[in-house]
Amino acid sequence: MNTIWCPELAARSGPRYRAIAAAIAEAIEDGRLAPGERLPTHRALAEALGVTVGTVTRGYAEAERQGLVRARVGSGTYVRGGEADPPEFAIAGDEAASSLIPMGLSLPAPIAREGLLAQALREIAGDRAALADALGYHPEAGIARHREMLAGWLREAWGVPVAADSLLLSLGGMHGVYLALQALLRPGETLASEALTYPGLIAAARQLGLRHVGLAMDDEGLIPEALEAACRQQGVRAVYCMPNQNNPTTAVMSEARRQALLTVARREGVTVIEDDVHLVAANERPPNLLELDPERVVYVTGCSKVLAGGLRVGMVHAPAALLARLAEVLRSHCWMAPPLNAEVACRWIGSGVADELAAAQRDELGGRQALAAEKLAGSGARGQPYGFNLWLPLPEPWRASAFVRRCEAEGLLLRSAEPFTVGSLPAPQAVRLSLSAPASREAVTRGLDIVRRVLAEAPPVQALV
Ligand SMILES: Cc1ncc(COP(=O)(O)O)c(C=O)c1O
């Protein structure tokens, strides 16, 4: 990554934006900028050159028009050639360190957890049995007392009726989704999901060589009739969905919608993968699909969004007939999830820390959603009262890629609908803002102000021949 490159413009005549593009061309020519290198952010270069951010944006656009560089939405501007494009579905190492307000990733709210981890590790260090468990091999589903503790937490804190002996521990929710897909589908078979879905699902389906069908959605997420049609035309084996809050659209399925989906799934012999990694308390949502039809549903959740993503503690709950197949797949990946990580999660659950973290996060997300409702009133932005994200369909004639780029030039990172869109379906002109990720409410406020400002602008016009 190049954050140091800074062109000399003094000797160049003509408009400043053209001078920037010419300097980029020259630096590529003489090797000061290498293929795949990232250019400085618009803001950083504007400050270094003493020009406006708009001038740098135009300069980069000109360089892109000349085929010198490539702008990647939410990631930056890169010299063309060399390395493959940075992936859409990845946590860029420099994203956290960047000066942009990070509304691109749906992370747990920034609540200090280091002291809590230190405390749990101290306790484990003094417990010889726990240390021995952490060092040993165990059955692939995980240590029985961990599964019981985690199942108890899902039942009591979240109202999810799971049984410990139907639960396998995975390396996080993403891995749980991957296990479910690999256990249920063979390469070439068809997976259905909401047309706008979690990019991790899209990546996993591709890795596994699945056919992936994106289903029509409305304000309640997946439309059951679309699933029925896909089953009849394309022989769907499994359907993945997020009934408690679609990522990215934040749509929640009503109970009637859930029942209708399960009716189609039963009739067509399709297994449902219910992704519930964001966990919503039972009194704030309709019953989970798992509650409505436990024999039809593989339920995936985990500790990442409430406790900590780095723990990589995920859970898969499945009907008895699927448990052996899931265990076989898990064994072939990693034998078992590391018991030390589950031990930390279980200590936090046992001491009440997990519930405190969940309550603190709920408060913080509630405050941020209220702030967004106020700042973006009338914009059509949609979020749930304690949700992580906000979904913003853009007004005509904004295109999402241009909107994201303008926000980035102003110092805000967010995501267009593109990485969430299945296959070659058209992506709506909409963006997802993660309210959970910024370090403070003050940063959230600044981010929302940028969105409001950019929404009020006229989109840039592309003049091409
Ligand atoms: C809908 C959904 N499923 C799964 C995951 C992955 O969860 P984990 O971090 O536990 O792997 C995410 C992460 O953002 C997600 O949004």
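A cavity is taken here as a set of grid points where a 1.4 Å probe fits but cannot get out. Its volume is the space filled by probe spheres set on those points. By this criterion the second largest cavity holds about 70 Å³ of space. The model is predicted.

The second largest cavity is lined by Met242, Asn244 and Gln245, together with Asp275, Asp276, Val277, His278, Leu279 and Val280. By class, this lining has 4 nonpolar, 3 polar and 2 charged residues. Asp275 appears in this lining and is also among the closest residues to the ligand.

In total, the structure holds 4 cavities of 30 Å³ or more. The largest cavity contains about 90 Å³ of space. Its lining comprises 15 residues. Leu169, Ala337, Pro338, Pro339 and Ala342 lie nearest the centre of the largest cavity. Two elements give two or more residues to this lining: strand 4 (167-170) and helix 13 (339-351). Helix 13 provides the largest share, with 3 residues. By class, the lining of the largest cavity has 8 nonpolar, 6 polar and 1 charged residues.

The ligand site was examined next. The ligand is surrounded by 13 residues. The closest are Gly173, Asp275, Ser304, Lys305 and Arg312. By class, the shell around the ligand has 5 nonpolar, 5 polar and 3 charged residues. Polar contacts to ligand oxygen come from both backbone and side chains. A polar backbone atom of Met174 is 2.7 Å from an oxygen atom of the ligand. A polar side-chain atom of Lys305 lies 2.7 Å from a ligand oxygen atom. For Arg312, a polar side-chain atom is likewise placed 2.7 Å from an oxygen atom of the ligand. Taken alone, the ligand exposes 390 Å². The protein buries 91% of that area.

Arg312 also stands out in its backbone. Most residues other than glycine have a negative phi, and most peptide bonds are trans. Arg312 is not a glycine, yet has a positive phi of about 55 degrees. This residue is found in the loop between strand 11 (297-302) and strand 12 (314-317). Arg312 thus combines a positive phi with a side-chain polar contact to the ligand.

Cis peptide bonds were also located. One joins Asn247 and Pro248, with omega about 25 degrees. Pro248 is placed in the loop between strand 9 (236-241) and helix 10 (255-268). Another cis peptide bond joins Glu396 and Pro397. Here omega is about -5 degrees. Pro397 sits in the loop between strand 13 and helix 15 (400-410).

Strand 13 also takes part in an open sheet of 3 strands. The strand order is 13-16-15, and the pairing is antiparallel. Strand 13 (389-393) and strand 15 (415-416) are the edge strands. Each of them pairs on one side only. Strand 13 and strand 16 (residues 430-434) run antiparallel and are joined by 5 bridges. Within this pair, Leu392 stands opposite Val431 in strand 16. The loop with Pro397 therefore lies between an edge strand of this sheet, strand 13, and helix 15.

Key:
Residues numbered from 1 in each chain as written. Predicted model: local features only at pLDDT ≥ 70, side-chain atom pairs only at ≥ 80, totals over all residues. Heavy atoms only, no water. Near = heavy atom within 4 Å. Polar contact = N/O pair within 3.5 Å; in protein donor to acceptor, adjacent residues only side chain to side chain. Areas by Shrake-Rupley, 256 points an atom, 1.4 Å probe, with all protein chains shown as cover. Nonpolar A, V, L, I, M, F, W, Y, C, P; charged D, E, K, R; others polar. 1 Å grid on protein atoms, 1.4 Å probe; cavity = no way out; pocket = protein on both sides within 12 Å on 5 of 7 lines; lining within 4 Å. Helix = DSSP H or I, 4+ residues; strand = E, 2+ residues; numbered from the N terminus. Pairing = 2+ DSSP bridges.
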